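Q: I would like a close look at one part of this model, the longer of the regions you can describe in detail, and then an account of how it sits in the whole. Please take it slowly.

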Amino acid sequence: MSIEVTRSRCVGCGRCAAICPGNLLRLDKEGKAEIRFPRDCWGCASCIKECPTQAIALFLGADMGGLGGRLTARRENTLLHWTVRLPDGSEKTVTTDSRSANRY
Amino acid sequence: MGIRAGAEMTTLEMRFIALRCKDTIAPTGTLAQGVGARQINALGEVYERKYGLTTSQRVYGTVMENLAGRGPCYLRTAGVTRGRDEDLMKAYLNMAPGQTLRWLESGCPPSARNVEIEGTEPYIVGGHTASGYWVDTGRETTVRGLFAAGDAAGGCPQKYVSGAFAEGEIAAKTAAARYLDRTPPAPDPAEAEAVRRRLEDCLNRGAAEPAVDDLERRMQEVMDEYAGGIGSHYRYSERSLCAALEKIGDLERRSASLGAGDARELVSVLELRERLTLCKSVIAHLAFRKETRWHCFAENADYPEKDPALLRFVNSRLERGKIRTFFRDLVPKGETYEH
């Protein structure tokens, strides 16, 4: 489980680097987010939820049976719209609401 | 670091092993308790009732079914309603999004396919465990002026985040009450110089053979194979623990000559040395508890039964380079413990 940054979408706001609990992200020389130690990422998705431009995606590595999907999130007030983009280009979206986060 | 300073430690032998979704290591409680999914083996038989429903029994049952050739094991989610699918997808996005990603990218939501389960690697320190520093009621360790809270404070399992916050507050208040009017002793200049030189030596050597990653991997393999890791079905014996101790000793000697190319690698080197120190304490604790009080968490092949006389804490202290292990009685209900 790790994350990948789409450089063309990154606006260099640095929110991902500030929130990463493992200190694994930083801005590179061109001011774009980069993950320095992908193997140390435990997939908490904090950076994905913080990223305002959906430049960071969670993926399941091939070594754990991942099928190539990329998960991003877009925040809208208390809502998070999670989208999985599959290798064939199709997308699926599930929306969560932080107001009902303790329902389960 | 605390172990080397001679702090009393407790319960390192009661490793926590979670029952998790295979690969994504997502928690299973929401499936088992939330939608009532039963643990089934590959033949479709519900086996959880055979072994019991505590976490340790759920993991143990899964190990035993696999060993008997009736694996892989699953939580039976197939057949839950579409509405439940949606609820579960959302619940896992909140706590372990990798699992929802798995459901979405495979096109198989919980209702379409049972979720495969497995025990994790043993966790030595964490929110579920009772391991850590032996603390008094104010959360002071046996090293004067050193406090511990949450995962670091031992003796009480399953404190989680809220418990850690509460303990942090208790520790801070005690520290203020006991030490606020004292001036901390200045560091001994010779000792500070020795630490500086050790760190600089490591950096001056630069990245070289052996690589810290290689030693780390070897350490994990040794603990897995000889000290009851997932690869040995969490089982160990006195002989295997002796082998583990010898091999960890070899690694410790090799780690003395490690070099670091930059500050990050230096941290990795220091972390590895700390872990090797902890390994030796864990091995000593596992060897001292001559019973199997909790399946998998401490599965002692030499002593497969629970011994009622050992309803006690196993504690340890590093004294003159040797780990001394001993028992401490539980504190009776309504009473408190002070050093």
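A: It helps to begin with the chain as a whole: in this predicted model, buried residues make up 36% of the 339 residues in chain B. The secondary structure of chain B amounts to 10 helices and 10 strands, and its C-alpha atoms occupy a box of roughly 70 × 55 × 40 Å along the principal axes. Of the contacts in chain B with a separation of 6 or more, 67% are between residues 24 or more positions apart. As to confidence, the mean pLDDT of chain B is 95, with 100% of its residues at 70 or more, while the model as a whole scores ipTM 0.96 and pTM 0.93.

The part to look at closely is helix α8 of chain B, which runs over residues 212–226. The helix has 15 residues, and the distance from its first C-alpha to its last is 21 Å, close to the 21 Å expected at 1.5 Å a residue. The buried residues in α8(B) are Val212(B), Leu215(B), Val222(B), Met223(B) and Tyr226(B). These buried residues cover an arc of only 100° around the axis, and therefore they lie on the same side of α8(B). The face turned away from that buried side carries Asp213(B), Asp214(B) and Arg217(B), which are exposed. Looking outward from the buried residues of α8(B), one finds that what covers them includes β7 (235–236), α9 (238–255) and α10 of chain B. After the helix comes Gly228(B), and the phi of this glycine is positive, near 75°.

One of the elements covering α8(B) is α10 of chain B, and following the chain onward from α10 leads to another backbone detail. The loop between α10 (263–288) and β8 (299–300) of chain B holds Cys296(B), which has a positive phi of about 70° although it is not a glycine. Cys296(B) has 27 other C-beta atoms within 10 Å, and because 20 or more is the cut-off, this residue counts as buried.

Helix α3 of chain B, residues 55–67, makes a useful companion to α8(B). At 1.5 Å a residue its 13 residues should span 18 Å, and its end C-alpha atoms are indeed 18 Å apart, so the expected and computed spans agree. The buried residues of α3(B) are Thr55(B), Ser56(B), Arg58(B), Val59(B), Tyr60(B), Gly61(B), Thr62(B), Val63(B) and Glu65(B), a list that includes the charged residues Arg58(B) and Glu65(B). Among the elements that cover these buried residues are β2 (19–21), β3 (39–40), α2 (48–51) and β5 (115–119) of chain B. Just after α3(B), Gly69(B) takes a positive phi of about 80°. Further along, the peptide bond from Gly71(B) to Pro72(B) is cis, with omega near -5°, and Pro72(B) is placed in the loop between α3 and β4 (74–75) of chain B.

Chain A is the partner in this model, and 18 of its residues are in contact with 17 residues of chain B. On the side of chain A that touches chain B, β6 (79–85) and β7 (91–97) of chain A each supply at least two residues, and the largest share, 3 residues, comes from β7(A). Sorted by class, that side of chain A has 13 nonpolar, 4 polar and 1 charged residues.

As for chain A itself, there are 2 helices and 7 strands, and along the sequence they follow the pattern β-α-β-β-α-β-β-β-β. A compact globule of 104 residues would have a radius of gyration near 13 Å, and the 14 Å of chain A agrees with that expectation. The C-alpha trace of chain A spans about 40 × 30 × 25 Å along its principal axes, and 30% of its 104 residues count as buried. Among contacts in chain A between residues at least 6 apart in sequence, 40% join residues at least 24 apart. Chain A also has a backbone detail to check: Ala45(A), in the loop between β3 (33–35) and α2 (46–50) of chain A, has a positive phi of about 75° although it is not a glycine. Ala45(A) is buried, with 27 other C-beta atoms within 10 Å.

Technical notes
Residues are numbered from 1 along each chain as its sequence is written. Chains are lettered from A and ligands numbered from 1 in the order in which they are written. This is a predicted model: local features need pLDDT of at least 70, side-chain atom pairs count only at pLDDT 80 or more; totals for chains, interfaces and linings use all residues. Two residues are in contact if their C-beta atoms, placed from the backbone, lie within 7 Å. Helices (H or I, at least four residues) and strands (E, at least two) are DSSP runs, numbered from the N terminus. The expected span of a helix is 1.5 Å times one less than its number of residues. A residue is buried if 20 or more other C-beta atoms lie within 10 Å of its own, exposed if 12 or fewer, and partly exposed in between; C-beta atoms are placed from the backbone. The arc is that of the directions from the helix axis to the C-beta atoms. pLDDT is the predictor's confidence in each residue, from 0 to 100. The radius of gyration is taken over C-alpha atoms; the globule rule is 2.2 Å times the number of residues to the power 0.38.
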